[in-house]
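Work through the exercises below with the sequence and the coordinates open. Try each task before reading its solution.

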Amino acid sequence: MDLNINYHTEMTPDIALQILRDGHERFLSGRSKHRGLLQKVQETKDNPRPFASILSCMDSRVPTELILDQSIGDIFNIRIAGNVISPHVLGSLEYTIATAGSKLIVVMGHTNCGAVRSACDDVMRENLSGLLREVKVCISQEFTEISNRTGHNESFVNKVSLLNVYRSVQQILEQSSIIRQRVDSREIKIIPAMYDISVGNLTFYNKHC
Ligand SMILES: [Zn+2]
């Protein structure tokens, strides 16, 4: 948390996004804050004020708080393979927005995603198959890669990953009237984003909604 503001009255989607951008800049430039985490435990135990909700992949190379340089109590963090939408994920997001007052949802995909790669290779495995089915919808939406449409083609995988991020954003808007209404009234924003695991760079696509 970086700005000295009253969170109940002054936090906006744009301020929330700027806090995340500033945190990521610190991460990229090697200036991440060395916080007293145990002190943050004490400070937040009764009154956490998370200002943003991040839906991202569970990949071990994408630790949300670290790459956004945020601390205990700052952000909601929903991580699931391929950042796919399900009723439980939507319910979690609705809680962060409607109950806890979060002002921003970031749907963050990443390059070289194992879940997307598995979907591209048509992996079938017990419970994993149902999850990958969500990602596979985006494969048919990718038209630019002709010769190698498998998980071995990193360019193809990354293009499907971006489509998958936009699909998750669309599903949130279509399947949660609670969130949709707050987006329409500009009370909150939903921002697609892609994280490049090879260089540590996060791109926000903040013209979306
Ligand atoms: Zn992933």
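For the charge count, Lys and Arg are positive and Asp and Glu are negative, while His and the chain ends are left out. The model is predicted.

**Exercise 1. Count the charged side chains of the protein and compare the centres of the two sets.**

Solution. Start with the positive set: 23 side chains. The negative set also has 23. Now take the centre of each set. The two centres lie 1 Å apart.

**Exercise 2. List the secondary structure of the protein in order.**

Solution. First the totals: nine helices and five strands. Then read from the N terminus: α-α-α-β-α-β-α-β-α-α-α-α-β-β.

**Exercise 3. Test the overall dimensions of the protein against the rule for a compact globule.**

Solution. Step one: for 209 residues, the rule expects a radius of gyration near 17 Å. Step two: the protein has 17 Å, so the two agree. Step three: the C-alpha trace spans about 55 × 40 × 35 Å along its principal axes. Step four: turn to burial. Of the 209 residues, 44% count as buried. Step five: check the contacts with a separation of 6 or more. Residues 24 or more positions apart account for 67% of them. Last, the surface. The accessible area is about 10700 Å², and carbon and sulfur atoms hold 51% of it.

**Exercise 4. Find the largest nonpolar core and the elements that build it.**

Solution. The core has 20 residues. Leu 20, Val 106, Met 108 and Phe 204 have the most contacts inside it. Next, assign elements. Those giving two or more residues are helix 2 (13–28), strand 1 (52–56), strand 3 (104–110), strand 4 (189–196) and strand 5 (201–204). Helix 2 gives the most, with four residues.

Now take Met 108 and skip residues up to four places away in sequence. Its contacts include Ile 54 and Leu 55, as well as Ala 193, Tyr 195 and Leu 202. Polar partners can be picked out too, among them Ser 56, Thr 64 and Asn 83.

A separate second core has 18 residues, including Ile 78, Val 107, Ile 172 and Val 183.

**Exercise 5. Is Glu 142 buried or exposed?**

Solution. Locate the residue first. Glu 142 lies in the loop between helix 7 (128–139) and helix 8 (154–175). Its relative accessible area is 4%. The cut-off for buried is under 20%. Therefore Glu 142 is buried. Finally, list its contacts beyond four places in sequence: Arg 149, Phe 156, Lys 159, Val 160 and Leu 163.

Note on methods: Residues are numbered from 1 along each chain as its sequence is written. This is a predicted model: local features need pLDDT of at least 70, side-chain atom pairs count only at pLDDT 80 or more; totals for chains, interfaces and linings use all residues. Side-chain values use heavy atoms; hydrogens and water are left out. The radius of gyration is taken over C-alpha atoms; the globule rule is 2.2 Å times the number of residues to the power 0.38. Buried means under 20% relative accessible area, exposed over 50%, partly exposed in between (1.4 Å probe, protein chains only). Contact means heavy atoms within 4.5 Å. Accessible areas come from the Shrake-Rupley method with a 1.4 Å probe; for residues, only the protein chains shown count as cover. The place of a charge is taken as NZ of Lys, CZ of Arg, CG of Asp or CD of Glu. A nonpolar core is a set of buried Ala, Val, Leu, Ile, Met, Phe, Trp, Tyr and Cys residues joined through side-chain atoms within 4.5 Å.
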